[in-house]
Amino acid sequence: MSIEELESIAQAMVAPGKGIIAIDESTATIKKRFDSVNVPNTEENRRAYREMLLTAPRLGEHISGAILYDETIRQATKAGVPFTKIMLDAGILPGIKVDIGAKPLAGFPGELVTEGLDGLRERLAEYAKLGAKFAKWRAVITIGEDTPSGTCIEANSHALARYAALCQEAGIVPMVEPEVLMDGDHDIDVCYEVTEATLRSLFGALYEQNVLLEGTILKASMVVSGKDCADQADVDSVAEATVRCLKSAVPATLPGIVFLSGGQTDEQATAHLNAMNQMGPHPWPLSFSYGRAMQTAALQLWGKDMQANFKAAQDMVVLRAKQNGLAALGQWKK
Ligand code: 13P
């Protein structure tokens with residue numbers, strides 16, 4: 001795989017008006033989502049649910065890629081067509097989550113470090129054979145009274161950079177995701193400081209590990225007030241702080257930035273992205289890589305009646321893709 005190919009995949013991921021759907025929930029995380037709609041967490045239900053999402057008609061109009069889980073990238077429709085083939089036919093790039101989760105960081109109570117580097121070269125080679133064009137690794141930064149520590153930020157940045165270098169060696173575009181959690185009662189200024197320090201550390205580590213930024217996508221969390229903060233910043237304040245933070249820490253050579261939704265409501269996630277794009281032009285396309293903010297409404301319909309609501313659930317995920325696609329252009333209207 002040439003440098004040009006990595007660059008063109010990265011650019012396709014953030015093509016105008018398009019974004020990414022994250023359906024890479026681990027078996028433990030999808031259980032939480034299924035529990036919320038009383039669906040048993042069986043392999044067949046996980047397969048059927050992902051089939052409903054991936055076969056939604058014209059999903060590819062606003063979706064450039066979908067992030068899959070290890071189990072999902074090996075699955076097929078009921079009729080036996082591999083999900084990766086369904087996606088390629090729809091113009092949706094297959095992506096794969098390759099970290100194995102955020103684990104407690106020894107010596108730093110309340111902080112997490114993401115694991116999954118051991119054997120990653122071999123796993124990436126297999127995922128490339130299975131059709132993966134990009135990958136995801138999520139680091140978690142927790143804001144608390146004494147956190148995050150510099151050690152936690154650095155350990156996670158180092159792992160993200162090692163992962164990114166291995167991805168590029170395998171011809172896979174790395175999506176690097178340092179998520180600053182919304183949990184806590186901190187205000188938006190604290191979130192800004194932590195996000196800026198995290199991004200600066202990450203881009204320093206990517207440089208140290210010889211990662212080609214032109215073939216890398218950042219998956220960022222927005223700069224928001226903590227969930228329990230009494231003073232909730234409004235849409236324009238979130239958009240302004242997020243763009244200012246990104247401009248101060250993210251090199252302009254990066255081909256694109258996508259956001260996670262992180263527990264925001266569907267409407268907040270769309271409104272924030274739209275407001276940021278209305279403030280453009282920016283050095284990079286700003287788009288979405290939402291999990292919950294793309295799926296929640298569709299899951300609720302499907303969970304109520306998998307057969308009767310199949311089409312309504314598909315229409316719902318396509319509607320969310322369209323709304324977020326418009327927000328990626330700054331053209332969404334409430
Ligand atoms: P949310 O949009 O639900 O935060 O999920 C995105 C994601 O992939 C987190 O890694």
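At what angle do helix α6 and helix α7 pack, and how far apart are their axes? I will begin there, and I should say at once that what we are looking at is a predicted model. Helix α6, residues 120-130, and helix α7, residues 150-169, pack at an angle of about 45°, and their axes are 9 Å apart. Angles under 35 degrees count as roughly parallel and 65 to 115 as roughly perpendicular, and α6 and α7 are therefore oblique to each other. Their crossing is right-handed. On the α6 side the contact is made by Leu120, Arg121 and Leu124, which meet Tyr163, Leu166 and Cys167 of α7; sorted by class, these residues comprise five nonpolar, no polar and one charged.

Let me turn to a second pair of helices, α8 and α9. Helix α8 covers residues 188-208 and helix α9 covers residues 235-249, and their axes come within 9 Å and cross at roughly 25°. With the cut-off for roughly parallel set at angles under 35 degrees, α8 and α9 are therefore roughly parallel to each other. The crossing of α8 and α9 is right-handed. From α8 the contact draws on Ile188, Tyr192, Thr195, Glu196, Leu199, Arg200 and Phe203, while α9 contributes Ser237, Ala241, Cys245, Ser248 and Ala249. By class, that contact of α8 with α9 holds seven nonpolar, three polar and two charged residues.

Now to the strands. Eight of them close into a barrel, and going round, the order is β1-β2-β3-β6-β7-β8-β9-β10, with parallel pairing. From one strand to the next, the twist averages 25°. As a reminder, strands of a sheet pair through backbone hydrogen bonds, either parallel or antiparallel. To take one pair in detail, strand β1, residues 19-22, runs parallel to strand β2, residues 63-68, and four bridges join them; in that pair, Ile20 of β1 stands opposite Gly65 in β2. Helix α12, residues 310-327, packs on the sheet and touches β1, β2 and β10, with its direction making about 140° with that of β1. Helix α10, residues 266-278, lies across β9 (257-259) and β10 (286-290), and runs at about 165° to β10.

What surrounds the ligand? The residues around it are Ala22, Arg138, Glu177, Leu260, Ser261, Gly262, Tyr290, Gly291, Arg292 and Ala293. Two of these names can be placed on the strands just described, since Ala22 falls in β1, residues 19-22, and Tyr290 falls in β10, residues 286-290. By class, the shell around the ligand has four nonpolar, three polar and three charged residues.

I will finish with some points of backbone geometry. Most residues other than glycine have a negative phi, and most peptide bonds are trans. Against that background, the peptide bond from Thr147 to Pro148 is cis, with omega near 5°, and Pro148 is found in the loop between β6, residues 134-141, and α7. A cis peptide bond also joins Gly280 and Pro281, with omega at about 5°, and here Pro281 belongs to the loop between α10 and β10. Finally, Arg58 is not a glycine, yet it has a positive phi of about 60°; Arg58 is located in the loop between α3, residues 43-54, and β2.

Note on methods
Residues are numbered from 1 along each chain as its sequence is written. This is a predicted model: local features need pLDDT of at least 70, side-chain atom pairs count only at pLDDT 80 or more; totals for chains, interfaces and linings use all residues. A residue is near a molecule or strand if its C-beta atom, placed from the backbone, lies within 6 Å of it. Ala, Val, Leu, Ile, Met, Phe, Trp, Tyr, Cys and Pro count as nonpolar, Asp, Glu, Lys and Arg as charged, and the others, Gly among them, as polar. Two strands pair if DSSP finds at least two bridges between them. Helices (H or I, at least four residues) and strands (E, at least two) are DSSP runs, numbered from the N terminus. Axes are lines fitted to C-alpha atoms, for helices over the stretch in contact, and angles run from 0 to 180 degrees between N-to-C directions. Two residues are in contact if their C-beta atoms, placed from the backbone, lie within 7 Å. Angles under 35 degrees count as roughly parallel, over 145 as roughly antiparallel, 65 to 115 as roughly perpendicular and the rest as oblique. A crossing is left-handed if the near helix is turned anticlockwise from the far one by less than a right angle, and right-handed if clockwise.
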